[in-house]
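Work through these exercises with the model open beside you. Try each task before you read its solution.

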Amino acid sequence: MRIRLLIALAYWLIAGWTASSFAQPYPSRPIELVSATGAGGGSDLVARMVADIIGKEKLLPQPVFVVNKPGGGGAVGQTYVAARRGDPYIFLQAATNLVAAPIRTGLDIGVDKFQPLGAIGFDLNAISVAENSPYRTLKDLVAAARDKPKTISVGTTSPGGGAHSMMYRLEKLSGARFNIVSFKSGAETVTAVMGGHIHATAENLGEVLAQVEQKNLRLLGVPSAKRIAGLPNVPTLKEQGYDIHAGGLRAFVAPAGIPRDAAKVLEDTLAKVHKSAAWRDYMAKNMYEDVYMNAEEFSKWLASQQVEMRQFLTEIGLALKK
């Protein structure tokens with residue numbers, strides 16, 4: 001009996017050693033990067049840019065491919081990724097919506113369902129109108145929304161997201177009341193403005209720059225700390241009397257429960273993306289503010305947003321009552 005036990009023990013030791021010896025290093029297959037917005041919007045373009053940099057610069061031994069899961073102000077994409085708990089072969093581009101979506105929907109997709117990986121930039125919002133709009137300045141737009149409340153439609157992508165928050169703060173400071181209209185992507189808001197379906201878009205600056213250059217859209221203001229070097233004639237919101245800094249943190253999370261070594265690989269890869277010439281060129285072209293957070297710093301940022309976000313969503317009537 002003792003000999004049989006020794007033989008069995010030796011077998012399992014050899015089998016375990018063999019399995020560990022031939023275990024494939026991470027990642028051993030392609031990784032899915034989820035964008036919780038539709039194709040063509042700012043979040044989608046960032047996801048595709050990050051995937052492209054990882055591939056071209058061989059930052060990982062396997063490719064990263066982008067999948068769009070739009071809807072629910074980010075809730076659809078978050079639900080999709082959260083359901084893959086422990087799976088290191090999927091991650092999500094998300095920041096503000098990661099905090100807002102569970103408060104709005106009541107779904108079990110809060111920050112605790114994800115492993116923060118880091119943030120690599122800050123995409124400023126902007127207020128833009130069609131070039132032929134009668135509202136030539138932000139003062140004109142605000143006056144119209146103050147004189148005739150809820151008649152000026154402004155496009156955003158996510159209820160409770162950065163653009164919505166910016167317009168909410170503008171309302172609080174100016175006394176205006178806008179009609180906020182949600183779209184699946186920033187690209188859709190741009191199309192809607194140019195088509196005359198809405199009066200303005202409050203989405204990311206990078207999403208409107210091409211149309212501004214082509215004289216299809218006109219910028220009324222940017223919520224940056226100071227005037228942007230590439231847009232010297234566009235005043236900040238602060239210059240126009242509204243002390244607002246707003247935009248989208250370009251950040252990434254994986255499902256909760258992934259192996260520590262895999263999380264570290266993804267965190268380090270994003271750090272390399274941030275340092276790459278291609279990403280720095282992308283930030284300059286789209287006039288990002290240069291922001292970087294590692295996994296720990298981003299985790300603290302997410303925690304800091306909880307109370308403020310619930311208060312904001314409660315005040316605008318979007319928080320699901322407990």
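The exercises below go from the whole chain to single residues.

This is a predicted model, in which local features need pLDDT of at least 70 and side-chain atom pairs count only at pLDDT 80 or more, while totals for chains, interfaces and linings use all residues. Residues are numbered from 1 along each chain as its sequence is written, and side-chain values use heavy atoms, with hydrogens and water left out.

**Exercise 1. The whole protein**

Task: Find how many helices and strands the protein has, and what share of its residues is buried.

Solution. Start with the elements. Helices (H or I, at least four residues) and strands (E, at least two) are DSSP runs, numbered from the N terminus. The protein has twelve helices and ten strands.

Next, take the extent. The C-alpha trace spans about 95 × 45 × 30 Å along its principal axes.

Then turn to burial. Buried means under 20% relative accessible area, exposed over 50%, and partly exposed in between (1.4 Å probe, protein chains only). Of the 322 residues, 53% count as buried.

Last, look at contacts (heavy atoms within 4.5 Å). Among contacts with a separation of 6 or more, 77% come from residues 24 or more positions apart.

**Exercise 2. The open sheet**

Task: Give the strand order of the open sheet of five strands, and name its edge strands.

Solution. Two strands pair if DSSP finds at least two bridges between them. The order is 2-1-3-10-4, and the pairing is mixed. Strand 2 and strand 4 are the edges, as each pairs on one side only. From one strand to the next, the twist averages 25 degrees.

Now zoom in on strand 1 (residues 31–35). Five bridges join strand 1 to strand 2 (residues 64–68), and the two run parallel. Here Glu32 stands opposite Phe65. Strand 1 also runs parallel to strand 3 (residues 90–93), with four bridges between them. In this pair, Ser35 stands opposite Gln93.

Finish with the connection. Strand 1, helix 2 (residues 42–56) and strand 2 form a right-handed β-α-β unit. Right-handed means that, with the strands pointing away from the viewer, the path from the first strand over the helix to the second runs clockwise.

**Exercise 3. Two sides of helix 11**

Task: Decide which residues of helix 11 (residues 295–304) are buried, and why they lie on the same side.

Solution. First, list the buried residues: Ala295, Phe298, Trp301 and Leu302. They cover an arc of only 120 degrees around the axis, so they sit on the same side of helix 11. The arc is that of the directions from the helix axis to the C-beta atoms.

Second, check the face turned away from the buried side. Glu296, Lys300 and Ala303 are the exposed residues there.

Third, find the packing partners. The buried residues pack against helix 4 (96–105), strand 4 (114–124), strand 10 (247–255), helix 9 (260–275) and helix 12 (306–315).

Fourth, look at the start of helix 11. A side-chain oxygen of Asn294 comes within 3.2 Å of the backbone nitrogen of Glu296.

**Exercise 4. Helix 7**

Task: Explain why the buried residues of helix 7 line one face.

Solution. In helix 7 (residues 186–194), Gly186, Thr189, Val190, Ala192 and Val193 are buried. Seen down the axis, these residues fall within an arc of 165 degrees, so they line one face of helix 7. Their packing partners include strand 5 (127–130), strand 6 (153–156) and helix 8 (205–213). After helix 7 comes Gly196, with a positive phi near 80 degrees.

**Exercise 5. Unusual backbone**

Task: Which peptide bond is cis between Tyr26 and its partner, and what is phi of Lys58 and of Lys150?

Solution. Begin with the general rule. Most residues other than glycine have a negative phi, and most peptide bonds are trans.

- The bond joining Tyr26 and Pro27 is cis, with omega about -5 degrees. Pro27 sits in the loop between helix 1 (2–21) and strand 1.
- Lys58 has a positive phi, near 50 degrees. Its loop lies between helix 2 and strand 2. Lys58 is exposed, with a relative accessible area of 68%.
- Lys150 has a positive phi, near 70 degrees. Its loop lies between helix 5 (138–147) and strand 6. Lys150 is partly exposed, at 44% relative accessibility.

Notes
A polar contact is a pair of N or O atoms within 3.5 Å; within protein, one must be able to donate a hydrogen and the other to accept it, and residues adjacent in sequence count only if both atoms are side-chain atoms. Axes are lines fitted to C-alpha atoms, for helices over the stretch in contact, and angles run from 0 to 180 degrees between N-to-C directions.
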